[in-house]
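Here are a few friendly notes to read alongside the structure. Keep the 3D view open and look for each element as you go.

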Amino acid sequence: MGQKLKITGWIAVGALAGALTTVSLQTVARSAMAPLPLEELQQLAAVFGMIKSDYVEPVDEKKLITDAIAGMVSSLDPHSQYFDKKSFKEFKEGTSGKFVGVGIEITQEDGLVKVVSPIEDSPAFRAGLKPNDLITKIDDTAVKGLSMNEAVKRMRGEPATKVVLTIYRKDENRTFPVTIIREEIKQQSVRGKLVEPGYAWIRLNQFQERTVDDFVRKVNEIYHQDPKIKGFVLDLRNDPGGLLNAAVAISAAFLPEDVTVVSTNGQTPESKQVLKATPADFRGIPGADAIKTLPPELKKVPLVVLVNEGSASASEIVAGALQDHKRATLMGSQTFGKGSVQTFRALGPDTGLKITTSRYYTPSGRSIQAKGIVPDVMVDETEEGSPYAVLRMREADYDKHLTSGQGEEKKDPEREKARDEALKRLEEESRKPVSERKAPEFGSDKDFQLMQAINQLKGKPVLVSKTMVERKEEQKEE
């Protein structure tokens, strides 16, 4: 592989309230710089001078410059970001799986903060926040107009302090305040159990520093309970990503040593690399050496991987590698499509820049970016179908998203029609009692997709989706 990058492995999709997570590799800055556009830089300096001298009231020069940097970076794509002192600290904390906040995974929708999912047993979870809730105010500050980073900052704070979130719940058509006491969030990234004798389920919520350790511990625990496992389900649904080397390590747990897991490609030599299922490419994360303590049967046990529109970044790397090497059957729905690499570069002791530097490719050379991974078997969320899947955001839906470089997604007029129909169904559903609207818990006996995965492992018939189709791409006209 030649010269390897030092992987610090900060990865994922969207943001956690209290943990900014995105794929990131530590690299050195480019030595060869293109000539600077002097005329445009002179205009920038002139604008700065005019604001400084003519604006209606005095401005903070440092804030003006940092805001200009932040604006320049945010104009590139949804994942490039400038970190000031506070957000840099939060970014680093997010990869550990521990942070002080309210405990929600979030994204943006129509200028508001949208709850993707409350973290189990977090203050937000206990306060009753739900997926798809929209946060309209944080304390007395309207969210409309705030960047994602600014919204996250306001939800963060010291332990035992309170924050008031104003929530708009679409399906109930009401707005209400929720007071939440901040606390240290310890996200459990791995869950698992024997579904029935011979068949196991293990779920990864996110790829964090301790994920590999927890994964090894849980798998060994399952094999201790039942040494004769006939089939395994790896559940990556709604896993937004996490650490790159954790994703490589989890892939290596199931794959032969030294096969390719993922490759990256960008402009610079440092952005071109190939990572393989070998300790040299995932060592350095807690628990990585423990991979060798896993039962050897794990390399050959029949495997199903569950994915959906919330499976992003690191989880797409794992799914793509296992699919390309024909090690697993992928079931569920097309994944999110977050296949870009963000490199962190320090600008000082406590500020930095996270900038998109390359794209991810599966072992066969498929770009993940804005495409995602298409399952081998499309399976609905329930026996009745996936009525609201069309409403979920994917990478290709974001403004200014980076293209895949291998053809762009077709704009399907039928999709907008399906969205309107899904919104009507959602409105009708909101009239039902809350107890009837609760989605089945992942891993429960009412988890339809998990039951179909077990059927697949047993060689029994699987109820394949009759409506779900791949979101295709077309070649972009130059």
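1. Let's begin with a small pairing. Keep in mind that this is a predicted model. Strands β7 and β8 (residues 141–142) run antiparallel and are joined by two bridges. Across this pairing, K137 faces A142 in β8. The two strands make a hairpin with two residues between them, and D139 in the turn has a positive phi of about 55 degrees.

2. Strand β7 has further partners. It pairs in the antiparallel sense with β9 (residues 162–169) over four bridges, and here K137 stands opposite T166. Two bridges also link β7 (residues 134–138) to β6 (residues 112–118), again antiparallel; V113 has I135 as its bridge partner in β7.

3. Now find the open sheet. Its six strands follow the order β12-β13-β14-β17-β18-β21, with mixed pairing. Which strands stand at the edges? They are β12 (190–196) and β21 (377–378); each has a single partner strand, so one side of each is left without a neighbour in the sheet.

4. Within that sheet, look at β14 (residues 231–235) and β17 (residues 303–307): they run parallel and share four bridges. V233 stands opposite V304 in β17. Helix α6 (residues 211–225) lies across β12, β13 (199–204) and β14, at about 20 degrees to β12.

5. Finally, try a check on helix α2 (residues 61–74). How far should its 14 residues span? At 1.5 Å a residue the expected span is 20 Å, and the end C-alpha atoms are 20 Å apart, which agrees. At the N-terminal end of α2, D60 acts as a cap, with a side-chain oxygen 2.9 Å from the backbone nitrogen of K62.

Note on methods:
Residues are numbered from 1 along each chain as its sequence is written. This is a predicted model: local features need pLDDT of at least 70, side-chain atom pairs count only at pLDDT 80 or more; totals for chains, interfaces and linings use all residues. Side-chain values use heavy atoms; hydrogens and water are left out. The expected span of a helix is 1.5 Å times one less than its number of residues. A polar contact is a pair of N or O atoms within 3.5 Å; within protein, one must be able to donate a hydrogen and the other to accept it, and residues adjacent in sequence count only if both atoms are side-chain atoms. Two strands pair if DSSP finds at least two bridges between them. Contact means heavy atoms within 4.5 Å. Axes are lines fitted to C-alpha atoms, for helices over the stretch in contact, and angles run from 0 to 180 degrees between N-to-C directions.
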